[in-house]
Amino acid sequence: MSELSTEEILEGIRQWIEIESPSDDPAAMARMARRIETDYRAIGAEVARIAGRDGRGDHLLVIEARLCPDAAASGPGILILSHMDTVHPLGTLAGPLPFRIEGDRAYGPGAEDMKGGTYLALAALRQLAREGRKTHLPIRHLIVSDEELGSDTSRAHIEAEARRARYVLVTEPARSGGKIVTARKGCANFTVTAHGQAAHAGVEHHLGRNAIHEMAHQILALEAMTDYARDLTVSVGTIKGGNRSNVVPDHAEVEVDVRFPNPEIGEEIVRRIRAMTPMTRDVRLVVEGGINRPGYEKTPGIAALFEHAKALAAEIGFVLEDLKTGGGSDGNYTAAYAPTLDGLGVDGDGGHTLEERLYISSILPRTRLLMRLMETLGAG
Ligand SMILES: [Zn+2]
């Protein structure tokens, strides 16, 4: 029976990093899916393919029911949720971000987000099997291909699996020195367009209806909806309008990013933004967009799951802390159905940049934590 080994796990992660997998490249995603499938079959797990659509790659559903009692094998289980795509385009590995190790850091596209974390789940299952250890619940590992693009083609599968799960563990990277995520803000995006009337700014200014003038009012109104006390932010992020200075502009457009703590506040802010009306005579306002990821708060179920994980971490020998983040992940889709812990992947930094790395020293403790969670959840 071999011991859990940093070298073995890091070598597996390296091989996955060295198969580049940008979300929008179907051939690359197919190579990545094939590799994960091969590695999982090699440890004896069942792997099902969920066909990709709309130019996205297949998703993989790994089913590991051999470790739990027969009676429970087809029942509600533990859902491990990961993604195999990265934000890095092909050529990143051969160019600015080759796989390399410097001290405790292993660099590469997806090292932190999230080939490292996805591989830890495989390593944890492999080790449980090697040691003949058992789980109380069947384990399903869903690995999607389009998380970095918002999970449009995987969301329904994520929700379906979450509905039949007792617990959800997401292998996104840890935050700020190993913290895991127990609450995430929801996010919504809008495009607001003002349509006015063009006119010669010198000759017929009075006939013009200035779309930028209208939008200036709307921008202030939007920004004023921010309410830090309620953990709500409304941020106008881009602005476009007009063509030349001597024409009264008939067009102006802004893009708006909204973050909110829970579905109630989310729906309220969406209603307010959709209800915006023009403040300038004869100018039309069009509001498009809505919620793309619902928020979730640390419910009693999530708090209890976190306390359990914290106690397991203490046994292993580290202090586990949690936090709330403004960033979205697929955990936003599952928390409504089953207690969800996110950020259980590797610790690292520089995700989505050319400095992306994982911390090698986080590999063993976090694999052990996943093993203990898999092994203890659903007892009694
Ligand atoms: Zn990620």
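**A walk through a two-domain predicted model**

Four strands make up an open sheet, in which they follow the order β11-β13-β9-β14 and pair in an antiparallel manner. The structure in which this sheet is found is a predicted model, and what follows should be read with that in mind. The edges of the sheet are formed by β11, residues 233-241, and by β14, each of which pairs on one side only. On average, and with direction ignored, neighbouring strands of the sheet are turned by 15 degrees against each other. As general background, the strands of a sheet pair through backbone hydrogen bonds, either parallel or antiparallel. Within this sheet, strand β9, which covers residues 186-195, runs antiparallel to β14 and is joined to β14 by nine bridges. One of the pairings to look for is that of H195, whose bridge partner in β14 is R284.

From the sheet one can step back to the whole chain, which holds nine helices and 18 strands. Taken along the principal axes, its C-alpha atoms fill a box of roughly 85 × 45 × 40 Å. Of the 380 residues in the chain, 44% are buried. Among contacts between residues at least 6 apart in sequence, 78% join residues that are at least 24 apart.

The chain is divided into two domains, with domain 1 made up of residues 6-184 together with 295-376, and domain 2 made up of residues 186-293. Their centres, taken over C-alpha atoms, are separated by 38 Å. Where the two domains meet, six residues of domain 1 are in contact with 10 residues of domain 2. The side of domain 1 that touches domain 2 has five polar residues and one charged residue, but no nonpolar residues.

The interior can be described through its nonpolar cores. The largest of these has 66 residues, and the members that touch the most other members are I78, A124, V168, L169, L370 and M374. Helix α3 supplies the largest share of this core, with nine residues. The surroundings of I78 can be traced in the model: leaving out residues up to four places away in sequence, I78 touches L137, I139, A165, R166, Y167, L169, M374 and L377. Another core, of 11 residues, lies apart from the largest one and includes C187, L222, I269 and I273.

Helix α3 deserves a second look, since it also carries an unusual backbone feature. Most residues other than glycine have a negative phi, and most peptide bonds are trans. The peptide bond between D113 and M114, however, is cis, with an omega of about -15 degrees, and M114 is placed in helix α3, which spans residues 111-130. In that helix one also finds K115, which counts as buried because 32 other C-beta atoms lie within 10 Å. Setting aside residues up to four places away in sequence, K115 touches I13, W16, I17 and G110. The C-alpha atoms of K115 and R14 are separated by 8.9 Å, although these two residues are 101 residues apart along the chain.

Two further residues have a backbone geometry worth checking by eye. S151 has a positive phi of about 65 degrees although it is not a glycine, and it lies in the loop between β6, residues 139-144, and α4, residues 155-163. D282 likewise has a positive phi, near 65 degrees, and is a residue other than glycine; D282 is found in the loop between α6, residues 263-274, and β14, residues 284-293. Are these two loop residues buried or exposed? S151 is buried, because 26 other C-beta atoms lie within 10 Å of its own, whereas D282 counts as exposed, because it has 11 C-beta neighbours inside 10 Å.

A last stop is V248, which lies in strand β12, a strand that covers residues 247-248. V248 counts as buried, because it has 22 C-beta neighbours inside 10 Å, and the cut-off for that class is 20 or more. Apart from its neighbours within four places in sequence, V248 is in contact with A198, A199, A201, H205, G208 and N210. Of these contacts, the one with H205 joins residues that are 43 residues apart in sequence, while their C-alpha atoms are 6.9 Å apart in space.

Note on methods: Residues numbered from 1 in each chain as written. Predicted model: local features only at pLDDT ≥ 70, side-chain atom pairs only at ≥ 80, totals over all residues. Helix = DSSP H or I, 4+ residues; strand = E, 2+ residues; numbered from the N terminus. Buried ≥ 20, exposed ≤ 12 C-beta atoms within 10 Å, placed from the backbone. Domains from an automatic or database assignment. Contact = placed C-beta atoms within 7 Å. Nonpolar A, V, L, I, M, F, W, Y, C, P; charged D, E, K, R; others polar. Pairing = 2+ DSSP bridges. Axes fitted to C-alpha atoms, helices over the stretch in contact; angles between N-to-C directions. Core = buried A, V, L, I, M, F, W, Y, C linked by C-beta atoms within 7 Å.
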